[in-house]
Amino acid sequence: MLTFENPAISIQNVTKIFGEQTVLNELNFDIERNKITTILGFSGAGKSTLLKHILGIMNPTSGVVSVLGQDLSKLDKMELREFRRNFGMLFQYAALFDSFTAQENVAFPLKEFTKLKESEITEKVKDLLISVGIKEESFDRLPSELSGGMRKRVGLARGLALSPHIMLYDEPTTGLDPITTKMVNNLIVETATQHKDREMTSVIISHDVRATLEISDYVAFLDRGKIIEYLPVEEFKKSDKELVQEFLNL
Ligand SMILES: Nc1ncnc2c1ncn2[C@@H]1O[C@H](COP(=O)(O)OP(=O)(O)OP(=O)(O)O)[C@@H](O)[C@H]1O
Ligand SMILES: [Mg+2]
């Protein structure tokens, strides 16, 4: 059973060891529900590893990961697969299927995970695409026929298809031009706002500091498997941690 109370995600004393390398080190970290939280950190800090623990793709060596009140280690394979419906993901390059049109891409999770009828799927896909600002004339375009910004929109629509309670954004603005960055940022905020009434917690993993600070409620800084700073965004900017300031001034 899902519980909608704080925190949405709770990482309790999580350690992850690969061979001799400790990548997450007795990590304690709670993510508040219905907020936008960004996790920053240098390359190799353990961000993607942390994300995989939140998704239950990876198990901790020790410690507990709970999402919406559910201890992930208590779920078997099938239950975990079902549980992942609570997550939506937007990847760095949107990760669309190249040979599927925009609407086929968005329809994919609905065909895979729901028993909706063809006509219901068509209707839902249309609503989703419109809600992220894709016009009908582009519904039948392939990803290669869409701009980078439009691909992000389609990727987001697909991420939202199963009405997730947690949206995970992996480097959503890295490599984008300033205008598209702004558009993607607006989209993240709009999505969080639009879906707040039915629970929507947003987690962004990024090293694009400037882009994410504008839209985050909370910012955490991960360094060598530990969260060394975690504050509301305005306080985070004034952090007295040397490493954080170094990162902010890059
Ligand atoms: N499956 C794995 N097996 C062994 N080592 C791994 C595995 N996954 C990650 N690592 C190691 O864990 C460390 C952290 O990797 P991770 O991908 O989490 O970093 P990151 O913060 O996401 O970096 P980046 O910003 O470059 O994406 C790295 O040293 C990496 O080599
Ligand atoms: Mg990574």
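The legends below describe four close-up views of a predicted model.

**View 1. The open sheet and the order of its strands.** In this predicted model, 4 strands form an open sheet in the order 2-1-4-5, and the pairing is antiparallel. Strand 2 (21-31) and strand 5 (70-71) stand at the edges of the sheet, and because each has a single partner strand, one side of each is left without a neighbour in the sheet. Helix 1 (residues 47-54) packs on this sheet, where it touches strand 1 (9-18), strand 2 and strand 4, and the direction of the helix makes about 120° with that of strand 1.

**View 2. Pairing along strands 1, 2, 4 and 5.** Strand 1 and strand 2 are joined in the antiparallel sense over 7 bridges, and within this part of the sheet isoleucine 11 stands opposite phenylalanine 29 of strand 2. The hairpin formed by strand 1 and strand 2 has 2 residues between the strands, and in this hairpin glycine 19 takes a positive phi near 60°. Strand 1 is also joined to strand 4 by 5 bridges, again with the strands running antiparallel, and here isoleucine 9 stands opposite valine 67 in strand 4. Strand 4 (residues 62-67) in turn pairs with strand 5 in the antiparallel sense over 2 bridges, and glutamine 70 in strand 5 is the bridge partner of valine 67. Valine 67 therefore appears twice in this view, opposite isoleucine 9 and as the bridge partner of glutamine 70.**View 3. The surroundings of ligand 1.** The residues around ligand 1 are Phe18, Val23, Gly41, Ser43, Gly44, Ala45, Gly46, Lys47, Ser48, Thr49 and His207. By class, this shell divides into 3 nonpolar, 7 polar and 1 charged residues. Helix 1 gives the most to the shell, contributing 3 residues, and helix 1 is also the element that packs on the sheet through contacts with strand 1, strand 2 and strand 4.

**View 4. The largest nonpolar core and the contacts of valine 106.** The largest nonpolar core has 53 residues, and those with the most contacts inside it are Val106, Leu128, Leu129 and Ala157. Helix 5 (residues 148-160) supplies the largest share of this core, 5 residues. In soluble globular proteins, nonpolar side chains tend to be buried together. When residues up to four places away in sequence are not counted, valine 106 touches Val125, Leu128, Leu129, Val154, Ala157, Arg158 and Ala161.

Terms used
Residues numbered from 1 in each chain as written. Chains lettered and ligands numbered in written order. Predicted model: local features only at pLDDT ≥ 70, side-chain atom pairs only at ≥ 80, totals over all residues. Pairing = 2+ DSSP bridges. Contact = placed C-beta atoms within 7 Å. Axes fitted to C-alpha atoms, helices over the stretch in contact; angles between N-to-C directions. Near = placed C-beta within 6 Å. Nonpolar A, V, L, I, M, F, W, Y, C, P; charged D, E, K, R; others polar. Core = buried A, V, L, I, M, F, W, Y, C linked by C-beta atoms within 7 Å. Buried ≥ 20, exposed ≤ 12 C-beta atoms within 10 Å, placed from the backbone.
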